[in-house]
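This briefing introduces the main features of one protein model to a first-year student. Please keep the sequence and the structure in view while reading.

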Amino acid sequence: MVRRIPVNETRGRDETGQRIVPETARRTDRHAGARYGNRPTMKDVAARAGVGLKTVSRVVNGEPGVTPETERRVQEAIDALGFRRNDSARVLRKGRTASIGLVLEDLADPFYGPLSRAVEEVARAHGALLINGSSAEDPDREQELALALCARRVDGLVVIPAGDDHRYLEPEIKAGVATVFVDRPAGQIDADVVLSDNYGGARDGVAHLIAHGHRRIGFIGDMPRIHTAAERLRGYRAAMEDAGIPVEDAWMSLGVTDPHRVRRAAEEMLTGPDPVTAIFAGNNRVTVTVVRVLAEQSRRIAFVGFDDIELADLLQPGVTVVAQDAAALGRTAAERLFRQLDGDLIAPERIELPTRLITRGSGELPPTD
């Protein structure tokens with residue numbers, strides 16, 4: 001008999017207050033002798049249903065030649081034992097594992113959510129499983145993760161690179177691992193890459209501030225070795241040059257996107273005898289910190305951020321942004337990957353997707369002096 005433990009009983013709780021139920025008190029339908037790591041096999045199903053292995057195989061794989069009554073007995077045995085077909089062995093016989101890997105910078109970054117979901121949806125449409133992980137912007141960790149996925153025989157990789165040397169993937173690519181880079185190009189190898197127009201988007205965003213009367217415009221970006229950060233800085237410089245505005249060193253700050261570093265950079269630009277009247281942020285994490293700094297200012301500072309952020313339209317004023325389509329990046333990269341796997345592609349290509357300026361108020365504020 002299963003003992004029922006009252007809700008208010010205090011015995012058998014751990015230090016967090018959660019109730020601990022002894023293993024012997026848990027009800028289970030698991031067959032006798034089963035332990036973790038010892039999954040039921042088709043042989044177990046056959047023994048329980050009283051049929052041969054071939055009959056179980058036919059039921060599991062949806063093949064004809066089994067009577068309804070026998071199929072019912074086999075299915076009852078499958079349900080009772082918790083049997084699952086070994087798809088790994090099945091797909092390996094076809095030469096593929098029906099899985100792909102996705103190497104991201106940071107799974108917690110909101111930008112990568114739609115991108116990852118888009119890759120997953122394309123993979124699902126092709127009957128493949130997505131396995132992903134974060135590089136934490138560490139080239140060594142990126143390499144370790146990518147090679148670990150290859151060791152697990154994924155059919156392909158979608159990589160957002162942290163490093164600038166990807167020759168370590170050459171043996172894997174030659175061995176048939178389809179590979180597409182996204183958001184940033186590969187380093188020192190020829191490979192497919194899907195990018196946003198970082199240069200053009202930043203140029204448009206800064207030109208928008210200039211069109212509203214600003215001349216002293218600050219730029220706060222990510223680490224300069226990162227492709228997207230370098231391209232957005234280049235777009236900033238180009239817009240200023242187009243308008244004939246000399247750029248002062250004090251107006252530019254690149255580095256880690258740590259809130260303390262970004263805050264310090266913004267506050268320095270906004271103080272002194274000749275402060276900036278507008279700021280352009282190089283990515284979504286910079287934008288969040290700059291928005292907080294600007295909320296503390298006594299004067300209104302114009303602002304445009306690269307990448308959209310959640311609730312940007314609900315702030316006062318709303319945050320004007322240069323938006324890239326993260327889902328389109330992921331979808332295009334994944335579709336490209338599966339075209340490689342289908343043998344449709346030969347020469348690597350660079351695909352660049354457009355950005356979009358979304359005006360909400362912060363980028364349309366005039367200079368206050």
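**Asp 155 and its surroundings**

Not counting residues up to four places away in sequence, Asp 155 touches Arg 96, Thr 97, Ala 98, Ser 99, Gly 176, Val 177, Ala 178 and Leu 341. The model is predicted, and the points below describe its elements by topic.

- Asp 155 is located in the loop between helix H6 (139-151) and strand S3 (156-159).
- The relative accessibility of Asp 155 is 11%, and because buried means under 20%, Asp 155 counts as buried.

**The sheet with parallel pairing**

- Six strands form an open sheet in the order S2-S1-S3-S4-S5-S11, and their pairing is parallel.
- Strand S2 (129-134) and strand S11 (350-353) each have a single partner strand, so these edge strands each have one side without a neighbour in the sheet.
- From one strand to the next, the twist of this sheet averages 15°.
- Within the sheet, strand S4 (residues 178-182) pairs with strand S5 (residues 192-196) in the parallel sense, over three bridges.
- Val 180 has Asp 192 in S5 as its bridge partner.
- Helix H12 (residues 326-341) lies across strand S1 (99-104), S3, S4, S5 and S11, and runs at about 160° to S4.

**The sheet with mixed pairing**

- Another open sheet of six strands follows the order S7-S6-S8-S9-S10-S12, with mixed pairing.
- Its edges are strand S7 (252-254) and strand S12 (356-358); each has a single partner strand, so one side of each lacks a neighbour in the sheet.
- The average twist from one strand to the next is 15°.
- Strand S9 (residues 302-306) and strand S10 (residues 320-323) run parallel and are joined by three bridges.
- Phe 306 has Val 322 in S10 as its bridge partner.
- S10 and S12 run antiparallel, and three bridges join them as well.
- Val 321 stands opposite Ile 358 in S12.

**Side chains of strand S10**

- In a regular strand, side chains alternate between the two faces of the sheet.
- Thr 320 and Val 322 point one way from S10, whereas Val 321 and Ala 323 point the other way.
- Thr 320, Val 321, Val 322 and Ala 323 are all buried.

**Helices on the mixed sheet**

- Helix H9 (residues 227-242) lies across strand S6 (217-221), S7 and S9, and runs at about 170° to S6.
- Helix H10 (residues 259-269) also packs on the sheet, where H10 touches S6, S7 and strand S8 (278-281).
- The direction of H10 makes about 170° with that of S6.

**Helix H8**

- How far apart are the end C-alpha atoms of helix H8 (residues 198-211)? They are 20 Å apart, which agrees with the 20 Å that its 14 residues should span at 1.5 Å a residue.
- Ten of the 14 residues of H8 are buried, so H8 is largely enclosed by the rest of the structure.
- The buried residues of H8 include Asn 198, Tyr 199, Gly 200, Gly 201 and Ala 202.
- Further along H8, Gly 205, Val 206, His 208, Leu 209 and Ile 210 are also buried.
- Gly 213, just after H8, takes a positive phi of about 100°.

Terms used
Residues numbered from 1 in each chain as written. Predicted model: local features only at pLDDT ≥ 70, side-chain atom pairs only at ≥ 80, totals over all residues. Heavy atoms only, no water. Pairing = 2+ DSSP bridges. Helix = DSSP H or I, 4+ residues; strand = E, 2+ residues; numbered from the N terminus. Axes fitted to C-alpha atoms, helices over the stretch in contact; angles between N-to-C directions. Contact = heavy atoms within 4.5 Å. Buried < 20%, exposed > 50% of the residue type's maximum accessible area, 1.4 Å probe, protein only. Expected span 1.5 Å × (residues − 1).
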